[in-house]
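Ready for a few hands-on exercises? Have a look at the sequence and the model first, then try each task before reading its solution.

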Amino acid sequence: MRLLATAQALPERRVPTAEVARLCGVPEAVALKRSGVHERRWLSGTETALTLGTQAAREALNRAGLDIGDVDVLLNASGSQLQPIPDGAALYARELGLSGAATYSLHGTCLSFLLALQHAALLIHTGQARHVLIISSEGGSVGLNPHQPESTLLIGDGAAAILLGPPTRPSQGLHATRIETHPAGADHTRISGGGTLRHPNHPGAAPTDFTFDMQGLQVLKLASRVVPPFLERLRPGLSHGLPGITRVIPHQASQAGLDLLRRYNWPEEQVEVTLRTLGNVIAASLPLTLHQAVEARRLKEGDTALLVGTGAGLIAGGVIWEL
């Protein structure tokens, strides 16, 4: 599987942490230290996750020199839904003018992009698709609760799209993939409302049920316990080094989450970071960070990337990809 193009689309509005700190009633210095985010983008005006995802997809097609009709499969890999029904991929297909192709979503909260990468590799390797378009687009700012500063200080909006095609050399593609779920963390990060368990007409439903809730310390404790053995199962040696890895593309969960990477003896100069300027863009964090590395030529064809992170559930996931 070969990376043909990456693209991003960001909201126009830049929101400094000082503004979010005031909204949450937290001192700016504390907010900066706690989150590691100096600014993030939030939706404004007529912008939506749909418009951003569509914009990123069109730019990726343009960069790859392809038309929408060349896309065999469109995968929506977003952590936040556009709406429950129909599937968000159908809405992107309508905006892009894609008809008759396979379009559907793969949802693994913050790691949805990793699931889509795995799935795209399977489709391309088995000859079921030649060109796969992945869109990850997030508008999480619309569901923030300022009384829950842990999440409000972190979340940013944005979209990324990547186009994938068949490899041009035998070694090009995914060398290892692994996804693990540790459901002891299922309640640590959640939006409890919006599904059939707590629907809008539920007698006990409250407005806060439809906003983001995170117990950051509990997430961190669980991740610090399960991630090292997970890394060893992905590739032996990863819990104390970067064997065969050119660059790490981590999910931008939080400053504390990125600080955990130091425990694995991963040189900081090999770790790509976007948290400071984009915040945690949920499932779009991984492809946005990948895009930044590719644009800056810190990842080039022939290099090997480790895409890794954790998501609500608690899900741990990683992909080793020779570009």
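What follows is a set of exercises on a predicted model, each with a worked solution.

**Exercise 1: helices H1 and H2**

Work out how helix H1 is oriented relative to helix H2, and find the residues that meet.

Step 1. Start with the axes: those of H1 (residues 17-24) and H2 (residues 28-35) come within 9 Å and cross at roughly 110°. Step 2. Angles of 65 to 115 degrees count as roughly perpendicular, so H1 is roughly perpendicular to H2. Step 3. Now look at who touches whom: H1 brings Thr-17, Ala-18 and Ala-21, while H2 brings Glu-28, Ala-31 and Leu-32. Step 4. Sort that contact by class and you get four nonpolar residues, one polar and one charged.

**Exercise 2: helices H3 and H4**

Do the same for H3 and H4, and add the handedness of their crossing.

Step 1. H3 covers residues 49-64 and H4 covers residues 88-96; their axes come within 10 Å, crossing at roughly 60°. Step 2. That angle makes H3 oblique to H4. Step 3. As for handedness, the crossing of H3 and H4 is right-handed. Step 4. On the H3 side, the residues in contact are Ala-49, Leu-50, Gly-53, Thr-54, Ala-57 and Arg-58, and they meet Leu-91, Tyr-92, Glu-95 and Leu-96 of H4. Step 5. The contact of H3 with H4 sorts into six nonpolar, two polar and two charged residues.

**Exercise 3: a pocket**

Describe the second largest pocket: what is its volume, and which residues lie nearest its centre?

Step 1. The volume of the second largest pocket is about 310 Å³. Step 2. Its lining has 13 residues, and Gln-255, Leu-258, Arg-262, Glu-268 and Val-273 are the ones nearest the centre. Step 3. Helix H8 (255-260) and helix H9 (275-278) are the elements that give two or more residues to this lining. Step 4. H8 supplies the largest share, three residues. Step 5. By class, the lining of the second largest pocket has six nonpolar, three polar and four charged residues.

**Exercise 4: backbone oddities**

Track down the cis peptide bond before Pro-86, the one before Leu-314, and the loop that holds Thr-109.

Step 1. Ile-85 and Pro-86 are joined by a cis peptide bond with omega about 0°; Pro-86 sits in the loop between strand S4 (73-76) and H4. Step 2. Gly-313 and Leu-314 are also joined by a cis peptide bond, here with omega about -10°, and Leu-314 is in the loop between strands S12 (304-311) and S13 (315-322). Step 3. Thr-109 isn't a glycine, yet its phi is positive, about 50°. Step 4. You'll find Thr-109 in the loop between strand S5 (102-105) and helix H5 (112-125).

Key: Residues numbered from 1 in each chain as written. Predicted model: local features only at pLDDT ≥ 70, side-chain atom pairs only at ≥ 80, totals over all residues. Heavy atoms only, no water. Axes fitted to C-alpha atoms, helices over the stretch in contact; angles between N-to-C directions. Helix = DSSP H or I, 4+ residues; strand = E, 2+ residues; numbered from the N terminus. Parallel < 35°, antiparallel > 145°, perpendicular 65-115°, else oblique. Left-handed = near helix turned anticlockwise from the far one by under 90°. Contact = heavy atoms within 4.5 Å. Nonpolar A, V, L, I, M, F, W, Y, C, P; charged D, E, K, R; others polar. 1 Å grid on protein atoms, 1.4 Å probe; cavity = no way out; pocket = protein on both sides within 12 Å on 5 of 7 lines; lining within 4 Å. Points joined across faces, edges and corners; volume = space filled by probe spheres on them.
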